[in-house]
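Biologist: I'd like a close look at a single part here, with its packing partners spelled out and then the wider setting. Please take me through it slowly.

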Amino acid sequence: MKSIGMKSIGASIAVNGALVLLALLALAPLAWMLSVSFMAPGEAAAFPPPLLPRQPSLANYVQLFARDQMGRYLLNSLMLATAVTLASLLFNLAAGYAFAKLRFRGRDALFQALLGALVIPGQVAMMPLFLLMKSLGLVNTYAGVVLPALASIFGVFLVRQYARSIPDELLEAARIDGAGEARIFFVIVLPLLRPIIATLAILTFLASWNDFMWPLIVLSDQDYQTLPVALASLSREHVMDNELMMAGAVVTVLPVLALFLALQRHYLQGLMLGGVKG
Amino acid sequence: MKIERAAWGFVTPALVVIGLFFVLPVVSALLLSFTDFDLYALADRKNLRFVGFGNYVEVLQTTLFWKALGNTLYFVGVGVPLSMLLSLGAALLLDSRLARWKGFFRTALFAPVVTTVVAVAVVFRYLFHTRYGLVNYGLVWLGFDPIDWLGDAHWSMPTIILFAAWKNFGYNMIILLAGLQAIPADLYEAARIDGANTWQRLRHITLPLLAPTLLVVSIITVAGYFQLFAEPYVMTRGGPLQSTFSVLFYMYEEGFKWWNLGRASAIAFLLFALILVATLLMLRLSRRWNAA
């Protein structure tokens, strides 16, 4: 018995030690980013690299917001991600619910076609999409980013998966009571979909916030750029200013990281629903 | 019928958006890839000509394309197994009965996934800085020579692979963890009674039952890794000596730097074909694996 006890203590140390090591590897770059962002200009260009700022200061943040228009980019990112999230929620919820619970001719074939289209990488569409946006006069506008994101196949799919669990009897009873389909959707269905709404909202917000390639293409004018696009070009300008760039990375990452920490249960649930049952 | 009309009302807005901004552009891209759409055509559509498979032939004859393809295959071939091993290892650790503070560890290991690629790429560029980076400091401390991570054409792709593995492993970890938790505990109990050790239980119970999840996760990861772009764009601009120049980077430069939108569309479809082939290959392999 004793040897088994010793053995399981050893195994427990190995398992938890490995987890501590992995967590350190995952978090250390983020912790260092935060620490360096508070250092004075030039302080981090030293060997050995300093781990903590000698005298923590907000100078880098002040410069980013005062001179490099960071406030503008932050606002652009916030507005775009919020607009995309709110609008696409409505589109995806309505479609996902209909695909799950309402019978109409061609429903299953249509849904299969949508699923099939999921294998096409989004970049294939980008060249004609750019031409379309150009002909509509939407290059360098917020609409150029929002319009293509108003609905997503993945979003429709996620809602449909979840909405299938709504009992038909509930909808039938409402119909017998004389409720119209729109009323049923808003009054009965939406409250039942609340968990998936939270999940879809955070997934969409994060994806939109972190999106890079399409905003890079359609927003060349600095005034409309999002944080990732602006940070990429700032980092080319300020190759040597490590402290400044770390502050820029903090401004870009912190909002989404905070959002994830606050709503992580909904986020992880969405991954499992979309990833495993798919 | 009333319900039918309502249903169309519900699906039409989403379908219009998807049709107008995805399906239509994809079909147009195919047509565009058969034309010589360039800067002149951008100015005046009259300069547009149909060139058949000309773009594809041209791209396939460019050394830069093969360079980009080689780099991308390198990234996929090494990066995906590394990410998957990390994901699987982390998931097994988190699923272990011995693990403590599971909630904390799960969140900590997942955190890199939600970060913005561009921002953490900037952080990693600094971490792997030849002179001031923390990684080289660690190497020197351990008695090794410092490495010119992002400046040496032999090390640039491995650095980007390490970065991608760090950034992405948490995603698959969560999905594999869900798969592990779905395996009935009494199977392990029975095996333990039969005297199977940890390795045998992993080999004969866990991995076979996890195989379908592993397959789906691998296919999604391979497709994602083929779309390498933001990492080299920020960390190396495709260099040094084009050692991190990817197929998507090539598409971006042809399309939006030189405005050869026809040729860029051809590159996009070549990438799409590549992903399809890789997916089919993995499905075929897994079927043979199952049959054996």
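Modeller: Happy to! Let me start with the term we need: two residues are in contact if their C-beta atoms, placed from the backbone, lie within 7 Å. Please also keep in mind that this is a predicted model.

The part I have picked is helix 3 of chain A, residues 70–101. Let's begin with its packing against helix 10 of chain A, residues 194–210. The two axes are 9 Å apart, and the packing angle is about 140°. Helix 3 of chain A and helix 10 of chain A are therefore oblique to each other, since only angles over 145 degrees would count as roughly antiparallel. The crossing of helix 3 of chain A past helix 10 of chain A is right-handed.

Which residues meet there? On the helix 3 side of chain A they are A:Ser77, A:Leu80, A:Ala81, A:Val84, A:Thr85, A:Ser88, A:Leu89, A:Asn92 and A:Leu93. Facing them from helix 10 of chain A are A:Ile197, A:Leu200, A:Ala201, A:Thr204, A:Phe205, A:Ser208 and A:Trp209. Sorted by type, the residues of this contact come to 10 nonpolar, 6 polar and no charged.

Helix 3 of chain A also packs against helix 7 of chain A, residues 153–163, where the axes come within 7 Å and cross at roughly 50°. That angle makes helix 3 of chain A oblique to helix 7 of chain A. Here, too, helix 3 of chain A makes a right-handed crossing, this time past helix 7 of chain A.

In this second contact, helix 3 of chain A supplies A:Ser88, A:Asn92, A:Leu93, A:Ala95, A:Gly96, A:Tyr97, A:Phe99, A:Ala100 and A:Lys101. Their counterparts in helix 7 of chain A are A:Gly155, A:Val156, A:Leu158, A:Val159, A:Arg160 and A:Ala163. The split is 9 nonpolar, 4 polar and 2 charged. If you are following along in the viewer, look for A:Ser88, A:Asn92 and A:Leu93: they belong to the contact with helix 10 of chain A and to the contact with helix 7 of chain A.

Now for the setting. Chain A has 14 helices and 0 strands, so to place helix 3 you are looking along a chain of helices by DSSP runs. Among contacts in chain A between residues at least 6 apart in sequence, 78% join residues at least 24 apart. Buried residues account for 42% of the 278 residues in chain A. The radius of gyration of chain A is 24 Å, whereas a compact globule of 278 residues would be near 19 Å. Along the principal axes, the C-alpha atoms of chain A fill a box of roughly 75 × 75 × 35 Å.

Finally, chain A has a partner. The contact between the chains takes 73 residues from chain A and 70 residues from chain B. On the chain B side, helix 1 (residues 2–32) gives the most, with 19 residues. The residues on that side of chain B divide into 56 nonpolar, 11 polar and 3 charged.

Terms used
Residues are numbered from 1 along each chain as its sequence is written. Chains are lettered from A and ligands numbered from 1 in the order in which they are written. This is a predicted model: local features need pLDDT of at least 70, side-chain atom pairs count only at pLDDT 80 or more; totals for chains, interfaces and linings use all residues. Helices (H or I, at least four residues) and strands (E, at least two) are DSSP runs, numbered from the N terminus. Ala, Val, Leu, Ile, Met, Phe, Trp, Tyr, Cys and Pro count as nonpolar, Asp, Glu, Lys and Arg as charged, and the others, Gly among them, as polar. Axes are lines fitted to C-alpha atoms, for helices over the stretch in contact, and angles run from 0 to 180 degrees between N-to-C directions. Angles under 35 degrees count as roughly parallel, over 145 as roughly antiparallel, 65 to 115 as roughly perpendicular and the rest as oblique. A crossing is left-handed if the near helix is turned anticlockwise from the far one by less than a right angle, and right-handed if clockwise. The radius of gyration is taken over C-alpha atoms; the globule rule is 2.2 Å times the number of residues to the power 0.38. A residue is buried if 20 or more other C-beta atoms lie within 10 Å of its own, exposed if 12 or fewer, and partly exposed in between; C-beta atoms are placed from the backbone.
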